[in-house]
Each structure stands twice: as structure tokens, then as C-alpha cells.
Amino acid sequence: MKLLTTFICLGLGLIFQSDYANAKSLKINGFVAQGIIQAKKSNFVTDDGDVSLKLTEVGVNSAYRINSTFRVAGQAVYLEGGNRYPDGFRVDYLFLEWQLFNSPYWRIKTQIGRNKNYHWLYSSTRDVPHTRPTIVLPQSLYFDILRDVALGVDGIALIAQTYNKLGEWDLNFSYGNSRISVEQKKNLVGPNATGKLKHDFDTQFSLYWRPKLTNFQFGFALLDADFSYQRGDNDTLFSGDETSQRLMFNFLYQGQHWEIASEVMRERTIGENILFSGFYSDITAEGGYLQARHFLSNQLTVLARLDIYDRDRQNRDGQNIETLSQGSVPGYFGLMDQATLGITWKLTKNTQLQAEYHRVKGTGRLAPIFTPDTILNNNKYWDMWAMQLMYWF
């Protein structure tokens with residue numbers, strides 16, 4: 001946060017030292033979205049699984065072009081998401097952008113501050129409701145519990161774009177870390193944890209290719225992140241570390257009436273101590289989704305998606321979890337598969353209504369992750385529906 005504050009002050013200083021801002025230099029946008037949601041027989045949204053209004057998103061974002069080289073951009077939001085992520089205000093991103101190089105074939109820039117995640121298909125737009133294909137994104141990759149951590153980091157990002165005879169290329173690199181709130185810690189490691197969970201560092205790289213004269217895009221991304229836990233007073237957990245290493249491939253086709261998107265990932269997670277002294281775990285998860293959208297008209301879009309997640313690729317049915325816990329944790333905590341149907345109706349230029357239904361098998365992405373809640377999540381099969389009205393300016 002000290003680094004972030006420093007660059008905020010630097011950006012503001014550059015603004016006040018420049019000429020008076022004209023209307024073209026300053027852009028302000030915002031959105032308001034309110035919905036209704038229910039995830040029956042699970043604690044995905046609420047502990048009781050009842051119908052909830054915890055589907056509120058209010059945000060304001062702004063960008064100021066200081067000159068041809070520097071730009072400042074940021075977004076603040078207020079969210080209510082139940083158990084999906086902590087309620088309240090937060091700054092999603094706030095950075096100073098510096099255009100390092102600009103030519104007919106190359107554009108290179110850096111962002112310093114709280115950056116956005118440009119590495120996954122929807123990571124840079126998941127914070128704005130009307131840009132998402134569904135209200136709830138596929139949980140195999142877009143894990144709601146880690147929403148604030150995955151959205152971006154406090155650090156530095158390098159973004160390069162180039163064009164050659166093969167088509168357009170995007171290269172992205174980012175390094176930094178994120179603050180983990182008390183609420184996020186409880187969702188990850190459990191409500192009885194009294195210690196401190198830290199996101200030590202996060203390094204990501206991605207490459208996207210759009211072949212010339214086609215409607216296709218191909219890409220891959222790499223992630224390496226370290227977390228540490230410092231035990232607190234009367235804590236049920238122990239001091240320890242976790243490392244996550246993720247490899248992702250993605251595909252996107254955008255036609256006049258159809259859009260096909262898919263992302264798959266393999267993620268190795270290494271945990272030491274944390275659950276008890278001497279604890280060690282090294283497992284590799286796999287997951288991904290295939291999604292199709294059909295644009296019936298300029299106003300109406302329908303969607304179908306299949307999303308699959310296995311916590312351990314060598315034990316897809318989760319039987320090892322049940323065995324190691326001596327039967328206290330069911331095997332369905334090792335997986336989470338979803339079939340989703342959705343519809344989007346654009347009512348006016350700036351108003352949109354989304355509705356969707358999810359049929360879910362397994363509870364592998366429900367909070368808390370380290371200490372599964374087998375009382376609230378005692379059903380292998382459960383379903384969820386949501387509806388949200390959005391307005392933006």
C-alpha cells in the first residue's frame with residue numbers, strides 16, 4: 001500500500017503540474033447492478049441457502065490522460081456477494097500507466113500501482129457486471145473466494161502489443177502481491193483461524209495470438225504465487241506456506257452470431273504445515289470450461305456452458321479426501337462440475353438484464369477451502385439461479 005500511495009501522489013502531482021484538464025482528457029464511467037440469487041443446499045452465497053439480495057455491485061472508474069506518455073486510471077466499488085467474497089468498499093485498481101514505446105508495429109507500456117490482471121479471458125473485465133458473459137463466472141478458473149486477489153496485484157505490469165504477417169500478438173507480464181483481508185482469510189482457511197495470511201508474491205505471464213484475417217484467438221498463461229500463514233493465539237492452524245503454479249490455455253471464436261470460448265488449466269498446489277506440524281501436500285488440480293453464446297439479435301443473447309474442476313487429477317472422484325479424513329469429509333469435496341444456461345436481454349443502450357441457472361455436482365470450490373464445512377455443504381448435487389439488472393454510464 002505504501003508503493004501504491006507513492007504512485008497515486010506522483011500521478012496527482014503530474015496532473016496538477018500539467019495544463020488544466022479538458023473534457024477529452026478525463027473519462028468517468030460507472031455502473032449499478034442489483035440482483036437476486038439463491039444457491040440451495042450449499043453455502044456458496046448464504047449459510048441457509050435461502051433467496052438473497054446479496055448481489056449488489058456499484059462502481060465508478062476514471063482515467064485521466066496526462067499527456068501522450070502518461071495516464072492515471074482507477075476504479076472503486078461497493079460489493080455485496082454473501083459468502084462469495086467480502087462485502088464493502090474496495091479499490092479494484094489504481095495505477096500510473098507509462099507508454100514506453102509506440103511504433104506502427106509495436107506498442108509497449110508499463111503500469112505501476114494496483115494493476116489489473118490481463119492474463120485470462122475475463123480477468124480484466126470480471127469487475128464490471130455488464131461485460132461478463134454470466135453473473136457467476138466458471139468457478140474452475142474464476143474462483144470467487146479469490147476474487148480480490150485474482151483481479152490484480154500491487155506491483156508492476158508490462159504490456160506489449162505487436163503486429164506481423166502472422167497476425168496480432170499480446171504479451172503481458174505482472175509481478176506483485178495483494179492484501180488479504182480478514183474476511184478473505186476466513187473464506188480460505190476457516191472461521192477459527194486467528195493468524196495472518198499473506199500473499200507473498202504473484203508472477204504471471206501470458207501470450208495471445210489473433211491470426212490474420214480470422215475470427216479466432218489463441219493464448220496461454222502462466223502463474224506462480226506464494227502464500228504464507230503466521231499462526232495466531234489459540235489457533236487451530238499452524239504456521240506454514242503454500243505455493244500455486246498454474247498453466248492455462250484458452251481459445252476464443254467471435255463470429256457474427258456465435259461466440260465460442262474455452263479455458264483449461266492445470267494447477268499444482270504445494271502446502272507445508274498449516275493444517276498441522278509436519279503436514280505436506282503436493283497435488284495437481286485440473287479444470288476448464290467450454291462456453292457458447294448465440295446472439296439472437298442485438299438485444300437478446302443465450303448461453304450454455306459446461307465447467308469442470310477436479311482438485312486432484314490422480315483422484316478425480318475425491319476418494320483420497322474421504323480416506324485421509326477417515327470419512328469425515330465426503331469425496332465430493334474434491335470436485336465441482338457445473339452446467340449453466342443463461343440469457344442476456346439488453347433493454348436499452350445502457351440497461352441490461354441477465355438471468356441464469358446452474359446445476360452443480362460437488363463442493364470443491366466452496367468456502368472454506370482448507371477446512372471444509374461438511375455441515376452446511378452436505379449435498380453432492382445442488383443448484384443455483386440468479387437474476388441481475390444492470391445500468392451503466
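Leaving out the neighbours up to four places away in sequence, Asn250 makes contact with Leu121, Tyr208, Gln217, Phe218, Gly219, Phe220, Ser262 and Glu263. The model is a predicted one, and Asn250 makes a handy place to start reading it. The residue sits in strand 10. Its relative accessible area comes out at 6%, so Asn250 counts as buried, the cut-off being under 20%. One of its contacts is polar: the side chains of Asn250 and Tyr208 are joined at 3.3 Å. Ala225, on the other hand, is 25 residues from Asn250 in sequence and 20 Å from it in space, going C-alpha to C-alpha.

Leu121, one of the contacts of Asn250, has a list of its own. Setting aside residues up to four places away in sequence, Leu121 touches Tyr142, Tyr208, Gln217, Asn250, Phe251, Ala261, Ser262, Glu263 and Tyr289. Tyr208, Gln217, Ser262 and Glu263 turn up here and also among the contacts of Asn250.

Leu121 leads on to the nonpolar cores. In the largest of these, with 31 residues, Leu121 is among those with the most contacts inside the core, along with Trp120, Tyr122, Tyr142 and Val189. At least two core residues come from each of helix 2 (147-151), helix 3 (182-189), strand 8 (196-211), strand 9 (216-230), strand 10 (240-254), strand 11 (258-273) and strand 12 (280-295). Strand 9 is the top contributor, giving five residues. A separate core of 13 residues lies apart from this one, and includes Ala39, Phe44, Val136 and Met384. As a general matter, nonpolar side chains in soluble globular proteins tend to be buried together.

Then there is the empty space. Searching the whole structure turns up five cavities of 30 Å³ or more. The largest has a volume of about 100 Å³, and its lining is made up of Glu57, Leu79, Arg84, Tyr85, Arg126, Arg132, Ile135, Val136, Leu137, Asp144 and Arg147. By class, that lining splits into five nonpolar and six charged residues, with no polar ones. Val136 thus appears both in this lining and in the 13-residue core.

The second largest cavity, at about 80 Å³, is walled by Asn115, Lys116, Asn117, His119, Val149, Ala150, Leu151, Gly152, Val153, Ser174, Asp202 and Gln204. Helix 2 and strand 8 are the elements that each give two or more residues to this lining, and helix 2 has the largest share, with three. Here the classes run to four nonpolar, six polar and two charged residues.

Notes:
Residues numbered from 1 in each chain as written. Predicted model: local features only at pLDDT ≥ 70, side-chain atom pairs only at ≥ 80, totals over all residues. Heavy atoms only, no water. Core = buried A, V, L, I, M, F, W, Y, C linked by side-chain atoms within 4.5 Å. Buried < 20%, exposed > 50% of the residue type's maximum accessible area, 1.4 Å probe, protein only. Helix = DSSP H or I, 4+ residues; strand = E, 2+ residues; numbered from the N terminus. Contact = heavy atoms within 4.5 Å. Polar contact = N/O pair within 3.5 Å; in protein donor to acceptor, adjacent residues only side chain to side chain. 1 Å grid on protein atoms, 1.4 Å probe; cavity = no way out; pocket = protein on both sides within 12 Å on 5 of 7 lines; lining within 4 Å. Points joined across faces, edges and corners; volume = space filled by probe spheres on them. Nonpolar A, V, L, I, M, F, W, Y, C, P; charged D, E, K, R; others polar.
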